Structures are given as C-alpha cells and as structure tokens.
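Q: I've got a model open and I'd like to learn how to read it. Can you walk me through it, feature by feature?

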Amino acid sequence: MALPLIWLGGATLGAVMLADRREKRHQLEHDRRMGKAPSMPEDGQHVALKPSLWHPGHKQVKPQPGAIICCFVYGMIEHTGIWLDDHILIELHGSGLIRAVSTNRFLAGRTGTKIYIACSHDHQPLIDAGVLERAEAAIFQYREYDLFDNNCHRFVWSCLIPIGIKM
C-alpha cells in the first residue's frame, strides 16, 4: 500500500517542479523579447536558444534578402542558409555544392517543417548588404564538406565576415 503512495507523491512533486521551471523559462523568454534580459547569465537563468524551441510560432517575420535562416534537423541541430528572395535561399549542401534552392527543397529530407529567421530582440531580421553579395558570388562553388569543420554554419559565417578579416 505504501509503494503506490510514494509513486503518487513523487509524481506530484515532479509535476510541481516542472511547472515552476516552465514558468521561469517563460518569464526569461518574455524578458529577452522585451530587451530586459541580463547581459550575463545568472545562476539558474539560462534557456536553450535553439530558434525552434525559443520561438515556437510566437511571431512570424517576413524574410528579407540576406537574412540568415535555419531549420531543425532531427531535433538536435539546425541547418542554416541565406535568404535570397521569393522562397529561394542559398545553402551549402552535404555534397559540398553551394546552391540556390527553394524552401521546399531546403526542408526536404530534414525533420524540420518550419524555417526560422535570425532576428533581433524586436523581431527585425538580422541582415547586412554584404552577406547577400558574398552568398550569391559563392553559388555553384564547391567546398570540401565536413560535418564538424566545414559545414553550412561555416558557409554562413564566411558570408557574414568579409574576406581578409581574421577573428
């Protein structure tokens, strides 16, 4: 008789702790959207910042040429690219080819169903004029693709940072 009561008590305690944790996360997300989040994480004040988790449909933003976009891949990582225009974007494919593809093609073969745009805290797409130029110039080029060292994120980074600047 005592074992079911222990299970029930443990489940109740777990539910209360989960609800409290969820409320803290929502409050931190709200503070970030309003631009009031702390600049450095405080003890217990951190949230996973994967776009797919952080903004699950709260705000829709229209993509603009040069915007950084991403989608989920198997719920663990993101695939990134640069928005070109009218449902066309530029990506580094796993074959090493930098190509312009449709949004449907970008999502094909991945578990993500939505494309997310990198935005500021006030929902403005993060874009730079040079990003689009560098991405367009790279179309049809090949890179030696490596999942860890030369992937889609590195391609987007190379479009963000002008040639000759070392970080």
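A: Sure. Let's begin with a term: a residue counts as buried when its relative accessible area is under 20%. Keep in mind that this is a predicted model.

Q: With that cut-off, how many residues of S2 are buried?
A: Seven of the nine residues in S2 are buried, so by the under-20% rule this strand is mostly covered. S3 is largely enclosed by the rest of the structure too, because four of its five residues are buried.

Q: What is the order of the strands in the open sheet?
A: The general idea is to look for bridges, since two strands pair if there are at least two between them. Here five strands make an open sheet in the order S4-S3-S2-S1-S5, and the pairing is antiparallel. Strand S4 (98-102) and strand S5 (116-117) sit at the edges, each pairing on one side only.

Q: How many bridges join S1 to S2?
A: Six bridges link these antiparallel strands. One spot to click on is Cys70, which stands opposite Thr80 in S2.

Q: And over how many bridges do S2 and S3 pair?
A: Strand S2 (residues 77-85) and strand S3 (residues 88-92) pair over three bridges, in the antiparallel sense. Ile82 stands opposite Ile90 in S3, while Asp85 faces Ile88 in S3. The two strands form a hairpin with two residues between them, and Asp86 in that turn has a positive phi of about 40 degrees.

Q: Where is the positive phi in the hairpin of S3 and S4?
A: Look at Gly96, whose phi is positive and near 100 degrees; this hairpin has five residues between the strands. S3 and S4 are joined in the antiparallel sense over five bridges. Ile88 turns up again here, with Ser102 as its bridge partner in S4.

Q: On to helices. Which strands does H4 touch?
A: Helix H4 (residues 129-138) packs on the sheet and touches S2, S3 and S4. The direction of H4 makes about 95 degrees with that of S2. Compare helix H5 (residues 152-160), which lies across strand S1 (68-73), S2, S3 and S4 and runs at about 40 degrees to S2.

Q: How should I think about a nonpolar core, and which elements give two or more residues to the largest one?
A: The general idea is that in soluble globular proteins, nonpolar side chains tend to be buried together. The largest core in this model has 14 residues; the members touching the most others are Ile82, Ile90, Ile98, Ala135, Phe155, Val156 and Cys159. S2, S3, H4 and H5 each give two or more residues to this core, and the largest share, four residues, comes from H4. A second, separate core has nine residues, including Ala67, Ile69, Leu89 and Leu107.

Q: Cys159 is on that list, so what about cysteines: how many disulfides are there?
A: In general, a disulfide is a covalent bond between the sulfur atoms of two cysteines. The count for this model is zero.

Q: Then is Cys159 buried or exposed?
A: Cys159 is buried, with a relative accessible area of 2%. Beyond its close sequence neighbours, Cys159 is in contact with Ile82, Gly130, Val131, Arg134 and Ala135. Cys119, on the other hand, is partly exposed, at 24% relative accessible area.

Note on methods:
Residues are numbered from 1 along each chain as its sequence is written. This is a predicted model: local features need pLDDT of at least 70, side-chain atom pairs count only at pLDDT 80 or more; totals for chains, interfaces and linings use all residues. Side-chain values use heavy atoms; hydrogens and water are left out. Contact means heavy atoms within 4.5 Å. Axes are lines fitted to C-alpha atoms, for helices over the stretch in contact, and angles run from 0 to 180 degrees between N-to-C directions. A disulfide is a pair of cysteine sulfur atoms within 2.5 Å. Buried means under 20% relative accessible area, exposed over 50%, partly exposed in between (1.4 Å probe, protein chains only). A nonpolar core is a set of buried Ala, Val, Leu, Ile, Met, Phe, Trp, Tyr and Cys residues joined through side-chain atoms within 4.5 Å. Lists of a residue's contacts leave out its neighbours within four places in sequence.
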